[in-house]
Amino acid sequence: MTRTLAQSPQGSPPAVQDDAAPVLSHGLKQRHLSMIALGGVIGAGLFVGSGVGIAAAGPAIVLLFAGTGALVMLIMRMLGEMSAARPSTGSFSVHAEEELGSWAGTTSGWMYWLMLTAGVAAEATAAGSIMHNWVPFIPAYGWVAIFMVFFCASNLTAVKNFGEFEFWFSAIKVTVIVAFLVLGVLAILGVFGPPPGTQHLVGHGGFFPTGAAGLAAGLLTTISGFAGLETVTIAAAESDNPSRNVARAVRTAVWRIAVFYIGSMAVVVTLVPWNDPKVAADGPYVTVLDRLGIPAAGTIMQIVVLIALLSAMNANIYGSSRMAYSLVSRGQGPRFLNRVTRGVPAAAVLASCLFGFVAVVAGIIWPSTVFAWLLNIAGCSVLVVWTIVCLTQLRMRRRLEREQPELLMVRMWAFPYLTWVALAAILGIFAVMAAGSDGRHQLIGTAVVVAALIAGDRLRRRRQQRAVDGAQG
């Protein structure tokens, strides 16, 4: 298989493509990319899932989000450096294949695809439950089917539809977060009553009330909240100027993470006790808004959570379909998924939606076995991807400095030291997971999938080599 470096629009650096791969459209605009990057870090995991992390780690959740946020900043900077230099629909998977070998491209690409499609199933299930509570005469699985069909159809028509949905979804989420932070800061200053001071930060067992075990449990929750942020580097390849757009998106990632995640967690643990049962049951945002006397706080946040779930569904269908398209275009999957219709990888979109729907069915029939196993593997997949991103960036940066330094529009900070710091942090997270039984089961399942992908890649290359030898003979 050979690949070319196809010239991107408006003089951007070339994007890696398969010679036989049809060209995708470039329907995303700068405003789409900017808002996708801005709202990409805001998901249902922040609005609801973070309550589980607070219940596990207490006020120290702020430090966990600061630490994992710092790691994500480094990962995004690496992705930005590579994607700005070589924009590609396959993003890190393409770069990994070029720098480390086909095993790395296959593993990172299909693990990421698995993570996103499993996320589609989880988000569709949660969104269906919310809608069923509001409109009970339609069963939850009926709403799941409606959402799946709708977003599958919208992703099949044109990439600009994905961009428009994410633009408005993200705008709503950003508005809610900003409003929450403003209200929270005013409450901390005493505008809505006596200022809380530090009573909730240290008054219920201290700042580290659950010790190391709680920190370990909260760590896994915080990491899952950031998964999927990499989609912006995939989407950039379908924008009007991939290199410029991804560079802008990555450069603003630092303050977004700091403000949205760390800031909102600091507001929550300052205003309400970390051990309030409502924090985990109803979500930290609902709990805070109820404390402030905001009318219909629960209903407001349910609407926002629904929007966040639908946004994540939309983004995950898009990201998984583009990753699958890139993989099969490079010969790392069934070729029929390479079909492109009107600039959209239609076959890959349908396959990703189908897998997501099958996972939903598995969640209904085998919720504690097959579906739980799938979600566990998906939750660990992002760590595998981040590990390969670090190794890829170490190789690619040195090669670009030697051969094409002009392509380094975005540069990793303090290279190579911070790359090694990020890699050490990821390995440390693996070690923390291995220390607990639940995390250990996730690691074992993930290791089995990774080994199967690497073995499959070796078999594929052997068949290709035999075919070449046979043709030459």
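Start by selecting Met409, which you will find in the loop between H17 and helix H18 (417–435). Keep in mind as you go that this is a predicted model. Colour by accessibility and Met409 comes out as partly exposed, because its relative accessibility of 37% falls between the 20% and 50% cut-offs. Now add Ile377 to the selection: it sits 32 residues away from Met409 along the chain, and the two C-alpha atoms are 35 Å apart.

Stay in the loop between H17 and H18 and pick Ala414, which belongs to that stretch too. Check its backbone: phi is positive, about 45°, although Ala414 is not a glycine. Its relative accessible area is 46%, so Ala414 is partly exposed.

Next, show the backbone atoms of Phe415 and Pro416. The peptide bond joining them is cis, with omega at about 0°. Pro416 is likewise placed in the loop between H17 and H18.

For another positive phi, jump to Arg342 in the loop between H15 and H16. Here phi is about 55°, again in a residue that is not a glycine. Is Arg342 buried or exposed? It is exposed, because its relative accessible area of 65% is over the 50% cut-off.

Now switch on the surface and select Tyr141, Phe357, Val361, Ile364, Ile365, Trp366 and Val370. Together they form a nonpolar patch with about 690 Å² of accessible area. Which helix gives the most to the nonpolar patch? That is H16 (residues 346–365), with 4 residues. Zoom in on Val361, which lies in H16. Its relative accessible area is 33%, so Val361 is partly exposed; that value also clears the 30% cut-off for patch members.

Last stop: the largest pocket, with a volume of about 1300 Å³. To centre your view, select Gly45, Glu123, Ser224, Gly225 and Ala227, the closest to the pocket centre of the 50 residues that line it. Then show the helices as ribbons. Those giving two or more residues to the lining are H1 (30–39), H2 (44–57), H5 (102–134), H7 (159–188), H9 (211–226), H10 (231–235), H15 (297–329) and H17 (370–403). Give H5 its own colour, as the largest share of the lining, 8 residues, comes from this helix.

Finally, colour the lining by residue type. How many of its residues are nonpolar, polar and charged? You should find 31 nonpolar, 16 polar and 3 charged.

Terms used
Residues numbered from 1 in each chain as written. Predicted model: local features only at pLDDT ≥ 70, side-chain atom pairs only at ≥ 80, totals over all residues. Heavy atoms only, no water. Patch = residues over 30% accessible without salt bridge, like charges linked within 9 Å, V, L, I, M, F, W, Y side chains within 5 Å. Areas by Shrake-Rupley, 256 points an atom, 1.4 Å probe, with all protein chains shown as cover. Salt bridge = Lys/Arg side-chain N within 4 Å of Asp/Glu carboxyl O. Buried < 20%, exposed > 50% of the residue type's maximum accessible area, 1.4 Å probe, protein only. 1 Å grid on protein atoms, 1.4 Å probe; cavity = no way out; pocket = protein on both sides within 12 Å on 5 of 7 lines; lining within 4 Å. Points joined across faces, edges and corners; volume = space filled by probe spheres on them. Nonpolar A, V, L, I, M, F, W, Y, C, P; charged D, E, K, R; others polar.
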